[in-house]
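Grab a pencil and work through a few exercises on backbone geometry and aromatic contacts. Have the model open while you go.

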Amino acid sequence: MIEVRLFATLRQGREKVVMLESQGFSTARDIIEHLDIPAGEVSILLINGFHKTPDTEVKDGDIVALFPPVGGG
Amino acid sequence: MERRYERNIPALSDQECRLLRSKRVAVVGCGGIGGYLIELLSRIGVGYIRAVDGDVFDESNFNRQLLSEQPLMGRSKAKAAEARVQRINPRIEVEPVTAYLDRNNAKEIVSGCDLVLDGLDNIPARRVLADACAEVGVPYIHGAISGWVTQVAISMPGDGLIDVLYPEGVSFRDRSVLSFAPSLCASVQAALCVKMLIGRPVETGVLYYFDLLNQEFETIKLDLKKPE
């Protein structure tokens with residue numbers, strides 16, 4: 001399984017934590033698309049606590065954290 | 001030691017308080033975040049503040065912007081910052097710059113300062129600020145807010161922080177800002193700013209992320225370029 005943790009507004013209409021079967025997901029981008037999150041709505045992506053890009057491969061047991069952009073002032 | 005600073009002691013030493021009086025910062029943007037930054041930095045005793053904003057007050061500012069007041073509708077935010085600090089402490093020098101940051105004026109705006117503070121409200125202007133700070137070689141403290149969320153990070157010249165926080169194609173859709181988000185953001189930025197100005201240790205390459213709706217506070221280690 002891959003554990004996906006969603007932060008702030010990415011939880012709207014979704015769960016805080018989503019557990020996914022690892023089969024069928026080769027990169028973090030696949031997970032983002034599966035969760036129907038537009039690419040422009042992910043700012044920070046962590047895999048097992050390390051800052052990564054969406055093209056990073058994912059594997060069984062990974063914890064993926066997704067943060068939306070924060071840009072106002 | 002002036003009495004107005006006696007309650008800074010002993011959290012800050014006499015020497016650190018004197019050091020702050022000799023320091024120069026630019027606060028770019030005098031709206032939600034910037035208004036609180038100017039308040040906090042002037043009260044603690046930072047000697048010189050360049051307050052930069054080309055905007056004027058509008059009714060939609062009142063839910064969160066400390067400097068906004070009904071009688072100041074349509075008036076300059078940068079000049080309001082100067083006036084407020086003069087009422088708090090006339091010995092703090094405030095230089096109001098009533099212009100929006102752009103590619104033509106950015107280098108001049110960040111020059112001659114020990115540190116720059118990001119009080120901006122949009123991503124393109126933040127890229128301009130980051131480039132200017134990299135060129136001049138001055139660090140800045142990023143702060144941004146949206147809805148219930150606040151984020152803060154220190155950026156050393158040329159570390160590429162803004163490109164990491166806002167990758168190509170990213171956009172933020174939540175334009176709401178609740179009143180406590182800018183005050184929290186500015187408090188975290190101001191504390192980091194003071195530590196940097198007096199030479200206390202700070203951590204770079206991390207993003208402090210505060211979600212006040214869910215009471216979740218994260219310290220995210222970022223993969224930044226090695227500063228130039």
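**Exercise 1.** This is a predicted model, so let's start with an accessibility call. Is Asp36(A) buried or exposed?

Solution. Take the relative accessible area of Asp36(A), which is 63%. The cut-off for exposed is over 50%. Asp36(A) is therefore exposed. Next, place it: Asp36(A) belongs to the loop between helix H1 (28-34) and strand E3 (44-47) of chain A. Finally, check the backbone: Asp36(A) isn't a glycine, yet its phi is positive, about 60°.

**Exercise 2.** Work out where Ala8(A) is found and whether it is buried or exposed.

Solution. Ala8(A) sits in the loop between strand E1 (2-6) and strand E2 (17-20) of chain A. Its phi is near 50°, a positive value in a residue other than glycine. Now for accessibility: Ala8(A) has a relative accessible area of 11%, and buried means under 20%. So Ala8(A) is buried.

**Exercise 3.** Find the cis peptide bond that involves Pro10(B) and say which residue is its partner.

Solution. Look at omega between Ile9(B) and Pro10(B): about 5°, a cis peptide bond. As for location, Pro10(B) is in the segment before helix H1 (14-21) of chain B.

**Exercise 4.** How many aromatic pairs does the structure hold over all chains? Classify the one between Phe7(A) and Phe67(A).

Solution. The count is four over all chains. For Phe7(A) and Phe67(A), the ring centres are 4.1 Å apart and the planes make an angle of 10°. Planes under 30 degrees apart count as stacked, so this pair is stacked. Now see what it connects: Phe7(A) lies in the loop between E1 and E2 of chain A and Phe67(A) in strand E5 (residues 63-67), so the pair ties together parts 60 residues apart in sequence. Both rings belong to buried residues, with relative accessible areas of 8% for Phe7(A) and 1% for Phe67(A).

Then try Trp148(B) and Phe180(B): 5.4 Å centre to centre and 40° between the planes make a tilted pair. Here Trp148(B) is in the loop between strand E5 (140-146) and strand E6 (149-155) of chain B, while Phe180(B) is in helix H7 (residues 180-198), 32 residues apart. Trp148(B) is partly exposed at 37%, and Phe180(B) is partly exposed at 34%.

**Exercise 5.** Which residues do ring pairs link into a cluster with Phe7(A), and which charged end sits over the ring of Phe7(A)?

Solution. The cluster joins Phe7(A) with Phe67(A) and Tyr209(B). Over the ring of Phe7(A) you'll find the charged end of Arg11(A), 5.7 Å from the ring centre.

Definitions and conventions:
Residues are numbered from 1 along each chain as its sequence is written. Chains are lettered from A and ligands numbered from 1 in the order in which they are written. This is a predicted model: local features need pLDDT of at least 70, side-chain atom pairs count only at pLDDT 80 or more; totals for chains, interfaces and linings use all residues. Side-chain values use heavy atoms; hydrogens and water are left out. Helices (H or I, at least four residues) and strands (E, at least two) are DSSP runs, numbered from the N terminus. Buried means under 20% relative accessible area, exposed over 50%, partly exposed in between (1.4 Å probe, protein chains only). Rings of Phe, Tyr and Trp (its six-membered ring) pair if their centres lie within 6.5 Å; planes under 30 degrees apart count as stacked, over 60 as edge-to-face and the rest as tilted. A charge sits over a ring if NZ of Lys or CZ of Arg is within 6 Å of the ring centre and within 35 degrees of the ring normal.
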